[in-house]
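Please walk through this structure with attention to how its strands, loops and enclosed spaces fit together.

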Amino acid sequence: MKILVFSMASLLKDVSIGGSQRHLRELLLHLGRQGHEVTVLTNARKDNDATFSLCDGVTVHPKLLFKETFPIPLDTAPYRIACSLELIQAELRHHDVFYIHDGQMDYSYLHCDIPTVVSLKNLIYPEAKMTAFHLQADRVVVSCDYMYRCLLYTAGRVVPNLEQKLQIVPNGIDLDVYRPSNASLWREKLGLSAEDIVLLYPHRPEKSKGIFDVFEVVERLKEKQADAATRIKLLMPEHFDKKISSETASFYDTLYAAADEKGIADAIVRYPWLPSHEMAGIYSAADVTLCIGRFIES
């Protein structure tokens, strides 16, 4: 089967810029192994604008011209949106099925002549809400019963026949990858000792995902520290978008200034945004992973 996949968020060759893209990567690898011919249209970035093969049968074209980084992908010139939709429209003529990953676009005039599947990962971001209340798909995939009920009892009140289209496909966890691994390897890489108390904040740096709450935790732990030989350390990745987004870079400057003001700058250990297959090592290196934000994904 020839499948066209649309992803508003960029799909990169080596790393996943968020959880949704991690799920998409696994889905595409599965479809490739099943023998399907898959074409992915995704957003171009300065650091990701060349066609590449994700695996046999899966070709990724980062050619769309929406805003490079999260949030508000439509915050760009109208001609760039038009060019992107024309690219999708042209590709649809050569495929059997259209899959829209993580919502963010459902223009029925583009795909009225092709079976269409939409996945919705959340009802938090504005683009997801707009898609939820404008669903023109043949099948709508959600990742859990909670999301199923949220969608059914909101958009389902006004979108015709939504219940018949809804299907739960759990994301799951790949336990071949996400399992305890050699913690000492990453501790050594990051200059941590066996005696350090290591906290991990693995999220994108957003206020709603609890980064400033984490700083307060570190500050309080340092105040209660009795053993001078024991250090409190906070592992914090620098998101991939920092390379191309002045907004993201500026937010990191704000973070580090706040840490310095709290007297915890020496506790922060920065590391680059990692490919998903290396995440088990980082989780294993930490004593505690902090997920204390108010955002539902956290």
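In this predicted model, D102 is buried, since its relative accessible area is 11% and burial is taken to mean a value under 20%. The residue belongs to the loop that leads from strand 5 (97-101) to helix 3 (108-111), and its backbone is unusual in one respect that can be stated plainly: D102 has a positive phi of about 60 degrees although it is not a glycine. A second residue invites comparison with this one, namely N161, a residue other than glycine whose phi is likewise positive, near 60 degrees. N161 sits in the loop between helix 5 and helix 6 (162-165), but its surroundings are of another kind, because at 54% relative accessibility N161 counts as exposed, the limit for that class being over 50%.

D102 also leads to the enclosed space of the model. Rolling a probe the size of a water molecule over the atoms shows where empty space is left. Counting cavities of 30 Å³ or more gives 1, and the largest cavity holds about 30 Å³ of space. Its lining is made up of S7, M8, A9, S20, Q21, H101, D102 and Q104, so that the loop residue discussed above appears there together with residues from elsewhere in the chain, among them S7 and Q21. Sorted by class, this lining has 2 nonpolar, 5 polar and 1 charged residues.

One of these lining residues, S7, can be followed into the sheet. S7 lies in strand 1, which covers residues 2-7, and at 1% relative accessibility S7 counts as buried. When neighbours within four places in sequence are left aside, the contacts of S7 are with Q21, L24, L41, T42, N43 and H101; of these, Q21 and H101 are also named in the lining of the largest cavity.

What order do the strands of the open sheet follow? The 8 strands are arranged as 3-4-2-1-5-6-7-8, and their pairing is mixed. Strand 3 (52-55) and strand 8 (166-168) stand at the edges with a single partner strand each, so one side of each is left without a neighbour in the sheet. On average, and with direction ignored, neighbouring strands of this sheet are turned by 25 degrees against each other. Helix 5 (residues 145-152) packs on the sheet, where it touches strand 7 (139-142) and strand 8, and the direction of helix 5 makes about 165 degrees with that of strand 8.

Strands of a sheet pair through backbone hydrogen bonds, either parallel or antiparallel. Both arrangements can be seen around strand 4. Strand 2 (residues 37-43) and strand 4 (residues 58-64) run parallel and are joined by 6 bridges; within this pairing, V40 stands opposite V60 in strand 4, while L41, which is among the contacts of S7, has H61 of strand 4 as its bridge partner. Strand 3, by contrast, pairs with strand 4 in the antiparallel sense over 3 bridges, and C55 stands opposite V58 in strand 4. Strand 3 and strand 4 form a hairpin that leaves 2 residues between them, and in the turn G57 has a positive phi of about 95 degrees.

Further along the chain, strand 10 (residues 232-238) offers a view of a mostly covered strand, with 7 of its 7 residues buried. I232, L234, M236 and E238 point one way from strand 10, K233, L235 and P237 point the other way, and all are buried. Strand 9 (residues 197-200) pairs with strand 10 in the parallel sense over 4 bridges, and I232 in strand 10 is the bridge partner of I197. Strand 10 is also joined to strand 11 (residues 268-272) by 5 bridges, and these two run parallel, with M236 standing opposite R270 in strand 11.

The last feature to consider is an open space. The second largest pocket contains about 240 Å³ of space, and F70, P71, Y125, R204, P205, E206, H239, D241, E247, T248 and F251 line that pocket. By class, its lining has 5 nonpolar, 2 polar and 4 charged residues.

Terms used
Residues numbered from 1 in each chain as written. Predicted model: local features only at pLDDT ≥ 70, side-chain atom pairs only at ≥ 80, totals over all residues. Heavy atoms only, no water. Pairing = 2+ DSSP bridges. Axes fitted to C-alpha atoms, helices over the stretch in contact; angles between N-to-C directions. Contact = heavy atoms within 4.5 Å. 1 Å grid on protein atoms, 1.4 Å probe; cavity = no way out; pocket = protein on both sides within 12 Å on 5 of 7 lines; lining within 4 Å. Points joined across faces, edges and corners; volume = space filled by probe spheres on them. Nonpolar A, V, L, I, M, F, W, Y, C, P; charged D, E, K, R; others polar. Buried < 20%, exposed > 50% of the residue type's maximum accessible area, 1.4 Å probe, protein only.
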